[in-house]
Amino acid sequence: MKRKERRGFGHRVSTTATLFLVVTAGCFYVPARFSAAPPVTTVRDDFPIPVPGQSTVPDELRYSQAYVEYAVVDAFDPRRISESEDVNALDEVPASSWFAGGVPTDSDYVRNGPPRLPLAEVASERKLPTGVRVFDDADGKRWEVVADEPGRSGMRAASGAITSRLVSLLGYYAAESYPVRLGGARLLAVRYPAARGALAGKEALDVGPTTALGTRIDDPNDVVDHTHRRSLRALGLVGAWLGLDEMRPQLLRDVYVGAPDVGFVQHQVVGLQDALVAGRLVGILHDTDADRPARNPWLALATLGFLPKEGAEGSATLTTSLGLFPEFVDPGAYDFAVPYPPALEAQPPDLYWIGKRIAAIPHSSIVAAISAGDIGPKTSAYLDRALLARRDSVARYAMSLVTPLEVTRLVAARASSSPEKSFGIDCQDLAVRQGFEAAANTTYYVDVLDDAGASLRETQTATPRGPALHVDLPAALLDEWGYLIVRIRAVRDGRAAPRSLELHVSGHGAAPVLRGVRH
Amino acid sequence: MRSWRVVGLGLVALVSAAWTRPVRADERAADEAARVAGVSRPVRYSGDTGRDALNVFLFVPRHVVKFLFWGASVAIGVIEKQPIVPRAQEVVSSHGGRFAILPTLFAETGSPFDVGARMIVDFGAVATGLRVGFGGIHYFEIEPRVAFQLDVPVRSVLAFEGLYKVDNNRVYGGVGQDPASDRRNHFQPLRAGASGHYLEERARWIGSYAVRLHHDFEVLLSGSLDRRTVSDSVGADEDALSRVFVPGSVPGAFESRRTVYAESAGCLDTRATRGRPSSGFLAEGYAGTGHEIDGHGSVFVRAGGRAAAYIPLYRKTNILSPKLVLDGIAQAGTVPISFNELAGEPDFRGYDERRDHLSLVASLDYRWLIVEHVGASLFFDTQVVAAGFDAFDFGALRWVGGVGLDLHSDDLVLGQLSLAAGNGGLRLVFERGVSNGYGDRQHRD
């Protein structure tokens, strides 16, 4: 009996100890380890599939997803918001059916050129938003033509033509859009449905909006939850730059590219006519419902619907061909009118990624995009100023969330017998390069860790030369461990950046290899 | 021995087939997605183990909720426009027919979860549906339905449907507003005021023809054959119906009764939308007669109605709505009416426990929109039952007040959460998926 009791006690102790070990085993930070495979630059998600069914996203479903489903499901999920799953080892989004990748140029955008007149209206196979009609041009190419608001000639046409070029320069598959004159009216012609990128020219079929939550169940290539896609998470900041007030269903669309059963779904940015805050202006012009609920749902709830009516918003703009597009934007406070779940899940590295892509668009490309809008010089000048000011705001904000260093090269240790030999990492501080921060006020704290996260030497500091930073590291450490994690955190004016840069280096001092980057 | 060989060969064949079958697109895409990050060991933060452990517990409820939302989203697209007689703009458009399986969940305090699904196949002029609900071994239901839409000479719907339901959670507390003091009840010694729990097995067929004579007015003619069998609830012990009431004192208990019932109903509803708050007026009336056909021979007449006004306050979507619901049943022969045919109080948002020949529910709702498709409400209900109009005891009213949140489309409530408290106790209700409340009036019995 006594023995039995002892065994019972021992069993309890071992159970407790096991539980303790299980729980405490996860109480420490363990960095990721990258494999030796070269970084993925292209994701194959274009395997042949049958043509998916035509899907729709009614407003009630969109509101349900945004206000209820996302919040309720999230409440049942105790896990940390995951890192984006469409990101490669170098913290970049590789090319896929979602993202063209690389560094797009102005010439990548133009595949068809403007529609060749005359246009002949054809019946649409799907329900179109108000003001949108379908035409075939003289070459038989299909175009969706977006009408403008009465008295706002060219506003939506200019918004679509200008911003589709800018979105294309960010690496998205943006549908070609051109202002056209038809029957005396200025309209926006959007080449859609049509394949984009290298596949332009293949037959294409619209299969509905890109859903905000989950995946498309009839597309076997769609395996990453859309809220975990960096390319979609980043759209919040794109919206802040380009004045997108809402992610309407006609904005992101799925296109089946290729012949039936051998094609795949490409995900495109299509309906940008509401950018430059034109969509909100249209809403204001149409909003005769003074009885609509208050814009703040919590106030609407708390006041039992008796919050004073908000009245019509101002609709005055610089010219009639421009939406309510101010020069100032606060990216940290920018929200879509209806929450967009992928943007709600955006993490600092996601925003930094899109921020640096926005900052990288040359001024000449912005000027070229504006000129495609066919607007007058006064509006063009204002828009140029506003786009640049907003570009700086969103890029500055994105770069303030991380340590915004980009590796430019790894410098191998020189062959010598000195035990002090070192290898180096050259970086560029994008915030300094863009002029958002001063190099003189910046110090970098550099740690070297083994692959389990244990520190291998004391923290050292490094100072930049302009935007350039060179970090020397002991080659002997890499020779000994074979895999090092170099953690660099910027401190500016005494304030540390919220996140460090992690560089994963393998090999040996004479031939270091960059395996992974995490901002 | 031989059978084992067959099983073994079958397994080998299955494994071979799996081994040699071509890789599917989703598997290749999943492999591609997995290699993108180039990570051989994912990052772990402090606290992740605890989160993972908690996630094990929340995995099932989270996916149930996800499944429900997925189903509701399909429902929005498929049967939002499926009132009993579609208005002109509400006819389901059918590009070659549509098919959907819609999960449903109903939960309330004191009852098991009722998880189910509704399958709908819609071919435009013909729509079929099958609803299945499961709330435990002794609670399940299955309800098939087929409806034909006729457009000539006027828009109308001919529908046939069945129901088979076993419900172990039925409660009968006796007749009257205060059953403990009502002399018509015969309680076992020392059990006065207790409620008896019973299991009801029900099979019902309904045929109905509904015609929309005007945009806001429809008439419904329906007939049903209903068989109800009542026995003690499984596991009820001291609370079983036979342990609370004197055997033989409750008409219809511990026996099976079949009833044929025919009813005419008319409904005037001037609201522009029935899901989204909107102003208007609702008036509904019905009358019908029932005959028991297997030996008991009781005959009854049922009649009632409801009236409600939907009054806008300050905003068009802030709606104050007073409502009055009266249901009545009268014995037309000498054989007493089965207790489960008596008038209940399905509109009362507290616990529906009182039954008698007359039931009156008065309520006042205030509902407002907090964001498009999401509404909030405050409500107050009172209820009383009696043997006749002169027997109402308004001093013994039961009442309940509460708050609610709902998700709706223009014409359907797609989910709701409500909390009600009153002199009958506290009641929390969560409902997701298209509710059972569509269809003719007989569904409320």
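Contact here means heavy atoms within 4.5 Å. The model on screen is a predicted one, and this tour goes through it one selection at a time.

**Stop 1: chain B as a whole**

Select chain B and colour it by secondary structure. Chain B contains four helices and 17 strands. Of its 445 residues, 46% count as buried. Now consider the contacts in chain B between residues at least 6 apart in sequence: 59% of them join residues at least 24 apart.

**Stop 2: helix 6 of chain A**

Hide chain B and select residues 235–242 of chain A, which form helix 6. Is this helix mostly covered or mostly uncovered? It is mostly covered, as eight of its eight residues are buried. Click along it to find them: Leu235(A), Gly236(A), Leu237(A), Val238(A), Gly239(A), Ala240(A), Trp241(A) and Leu242(A). Just after the helix comes Gly243(A), which has a positive phi of about 70°.

**Stop 3: two neighbours of helix 6**

Two packed helices are described by the angle between their axes and the distance between the axes. Keep helix 6 of chain A on screen and add helix 10 of chain A, residues 348–360. The axes of helix 6 and helix 10 of chain A lie 9 Å apart, at an angle of about 35°. The crossing of these two helices is right-handed. On the side of helix 6 of chain A, the contact is made by Leu237(A), Val238(A) and Trp241(A); helix 10 of chain A brings Leu351(A), Ile354(A), Gly355(A) and Ile358(A). Six of the contact residues are nonpolar, one is polar and none is charged.

Next, swap helix 10 for helix 4 of chain A, residues 155–170. What is the angle at which the axes of helix 4 and helix 6 of chain A cross? It is roughly 145°, and the axes come within 12 Å. Helix 4 of chain A also passes helix 6 of chain A in a right-handed crossing. Show the side chains of Thr163(A), Leu166(A), Val167(A) and Leu170(A) in helix 4 of chain A; they meet Val238(A), Trp241(A) and Leu242(A) of helix 6 of chain A. This contact has six nonpolar residues, one polar and no charged.

**Stop 4: the nonpolar cores**

In soluble globular proteins, nonpolar side chains tend to be buried together. Select Ile162(A), Leu166(A), Tyr172(A), Trp241(A), Ile354(A), Leu383(A) and Leu387(A): these have the most contacts inside the largest nonpolar core, which has 67 residues. Several helices of chain A each supply at least two residues of this core, among them helix 4, helix 6, helix 10 and helix 12. Which helix gives the largest share? Helix 12 of chain A does, with nine residues.

Centre the view on Leu383(A). Leaving aside residues up to four places away in sequence, Leu383(A) touches Ile162(A), Leu276(A), Leu322(A), Phe325(A), Ile370(A) and Ile375(A). There is also a second, separate core of 26 residues, including Leu405(A), Tyr444(A), Leu477(A) and Val505(A).

**Stop 5: salt bridges**

Side chains of opposite charge can pair when their charged atoms come close. Over all chains, the structure holds 56 salt bridges. Bring chain B back and select Asp451(A) and Arg41(B), whose side chains form a salt bridge at 3.6 Å, N to O. This pair crosses between chains: Asp451(A) is in the loop between strand 12 and strand 13 of chain A, and Arg41(B) is in strand 1 of chain B. Arg41(B) is partly exposed, with a relative accessible area of 25%.

Move to Asp356(B) and Arg184(B), which meet in a salt bridge at 2.6 Å, N to O. Asp356(B) lies in the loop between strand 12 and strand 13 of chain B and Arg184(B) in the loop between strand 6 and strand 7 of chain B, so the pair ties together parts 172 residues apart in sequence. Asp356(B) is buried, at 0% relative accessible area, whereas Arg184(B) is partly exposed, at 33%.

Then select Lys323(B) and Asp347(B), a salt bridge with its closest N and O atoms 3.3 Å apart. Lys323(B) is in strand 12 of chain B and Asp347(B) in the loop between strand 12 and strand 13 of chain B, 24 residues apart. Lys323(B) counts as partly exposed at 23% relative accessibility; Asp347(B), at 15%, is buried.

For the last selection, return to chain A and pick Glu83(A), Asp91(A), Arg230(A), Arg233(A), Glu345(A), Asp350(A) and Arg518(A), which are linked in a network of salt bridges.

Definitions and conventions. Residues are numbered from 1 along each chain as its sequence is written. Chains are lettered from A and ligands numbered from 1 in the order in which they are written. This is a predicted model: local features need pLDDT of at least 70, side-chain atom pairs count only at pLDDT 80 or more; totals for chains, interfaces and linings use all residues. Side-chain values use heavy atoms; hydrogens and water are left out. A nonpolar core is a set of buried Ala, Val, Leu, Ile, Met, Phe, Trp, Tyr and Cys residues joined through side-chain atoms within 4.5 Å. Buried means under 20% relative accessible area, exposed over 50%, partly exposed in between (1.4 Å probe, protein chains only). A salt bridge is a side-chain nitrogen of Lys or Arg within 4 Å of a carboxyl oxygen of Asp or Glu. Axes are lines fitted to C-alpha atoms, for helices over the stretch in contact, and angles run from 0 to 180 degrees between N-to-C directions. A crossing is left-handed if the near helix is turned anticlockwise from the far one by less than a right angle, and right-handed if clockwise. Ala, Val, Leu, Ile, Met, Phe, Trp, Tyr, Cys and Pro count as nonpolar, Asp, Glu, Lys and Arg as charged, and the others, Gly among them, as polar.
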